[in-house]
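Notebook open, coffee poured. Today I want to look up how the DNA sits against the protein and where the pockets are.

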Protein chains: 2
Amino acid sequence: MFTIDMQSRIPVFEQIVIQTEEFIRAGILNPGDKLPSVRELTAMIGVNPNTISKAYGELERRGLTVSVTGKGCFIAKNISDVLKTAAEKKIPEFEKLAKELIDSGITKDELIRRVNSLVSQ
Amino acid sequence: MFTIDMQSRIPVFEQIVIQTEEFIRAGILNPGDKLPSVRELTAMIGVNPNTISKAYGELERRGLTVSVTGKGCFIAKNISDVLKTAAEKKIPEFEKLAKELIDSGITKDELIRRVNSLVSQ
DNA sequence: AAACTGTACTATCTGTCATAGTACAGTTAT
DNA sequence: ATAACTGTACTATGACAGATAGTACAGTTT
């Protein structure tokens, strides 16, 4: 499930957060679904329990999951709203990247063609 | 000219690299132009000379500048080609971000509209 | 009661970033 | 030539984030 690159400059706990988000967007993880327990993920990935705990704490802080001591870590019920809101905050980043590419010699048409070619689920 | 945020999680030397790139794309810095000397930038920004040197080394490594001991650090002559090549390598990143937004509930049309609204120089 | 859940805490190690200080090789202007 | 400038290299040091190790605790499930 999770693929961690220990050589990456992106912290392990952040890689877990990012990949969890991706699984949600891909429909692999759905509202109410239970994530692996801290100790399970520890065994699966081969990192320290504290690192997993840090990732789960960050996921909850972002509203993507709800953690309950004794039960587990679950995908939030209102996950689609949370994703939408988070995505809207990323639009400036999208525009900045698009402008960077355009200013570097890539045409608008090329970018638009790329967007249209994307396969949405 | 340069605006450094010491609180940012982005290293200072990388902020210098990023902003130099932006100045080039904006037409503020052009091929052959001389960047401030290491010691000038040290005084302007208020950081260690080693930090500036590290930024200049990275800029040269990326082909954006050419440093000559005794003369200075200059914007590369073939800068537009370098920018174009670098931009092409970033297209997958652009597509990934676009797909993320689409999968989060933002429409393709909205993204395309945003791209079309960008003011290119 | 046993086995599980998430969480909290201290201590320690590591790597990256930035600083401080010094030094050296090459260029420019006087 | 000489002084003042250029980029670069090097060691040493401190600060910080990330990850680990170990232990402990509160709540849930069977």
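**DNA strand C.** I began with the neighbours: 27 residues surround DNA strand C, and the closest are Val38(A), Gly70(A), Val12(B), Asn48(B) and Asn50(B). Near here means that a heavy atom of the residue lies within 4 Å of the strand.

Ground rules before I go on: this is a predicted model, where local features need pLDDT of at least 70 and side-chain atom pairs count only at pLDDT 80 or more, while totals for chains, interfaces and linings use all residues. Residues are numbered from 1 along each chain as its sequence is written, chains are lettered from A and ligands numbered from 1 in the order in which they are written, and side-chain values use heavy atoms, with hydrogens and water left out.

I checked which part of the strand faces the protein. Of the strand C atoms within 4 Å of the protein, 61% belong to sugar or phosphate and the rest to bases.

Next, polar contacts (pairs of N or O atoms within 3.5 Å; within protein, one must be able to donate a hydrogen and the other to accept it, and residues adjacent in sequence count only if both atoms are side-chain atoms). Asn50(B) has a polar side-chain atom 2.8 Å from a base nitrogen of strand C. For Asn50(A), a side-chain N or O atom is 3.2 Å from a base nitrogen of strand C. Lys54(B) goes to the backbone of the DNA instead, with a side-chain N or O atom 3.2 Å from a phosphate oxygen of strand C.

I then sorted the surface near strand C by residue class: nine nonpolar, eleven polar and seven charged. The classes are Ala, Val, Leu, Ile, Met, Phe, Trp, Tyr, Cys and Pro as nonpolar, Asp, Glu, Lys and Arg as charged, and the others, Gly among them, as polar.

**DNA strand D.** There are 27 residues around strand D, and Val12(A), Asn50(A), Thr51(A), Val38(B) and Gly70(B) come nearest. Sugar or phosphate makes up 62% of the strand D atoms within 4 Å of the protein. Asn50(A) turns up here too, with a side-chain N or O atom 2.8 Å from a base nitrogen of strand D. Two phosphate entries follow: a polar side-chain atom of Lys54(A) lies 3.5 Å from a phosphate oxygen of strand D, and a backbone N or O atom of Val38(B) lies 2.8 Å from one. The class split near strand D reads nine nonpolar, eleven polar and seven charged.

**Pockets.** I ran these on the protein atoms alone, on a 1 Å grid: a pocket is an open set of points where a 1.4 Å probe fits, with protein on both sides within 12 Å along at least five of seven lines, and lining residues have an atom within 4 Å of a point. The largest holds about 2,100 Å³, a volume being the space filled by probe spheres set on the points, which are joined across faces, edges and corners. Its lining has 39 residues, with Glu14(A), Lys90(A), Glu93(A), Arg9(B) and Glu93(B) nearest the centre. I counted 14 nonpolar, four polar and 21 charged residues in that lining.

The second largest pocket comes to about 310 Å³. Of its 15 lining residues, Glu21(B), Thr85(B), Ala86(B), Ala87(B) and Lys90(B) are closest to the centre. That lining divides into six nonpolar, two polar and seven charged.
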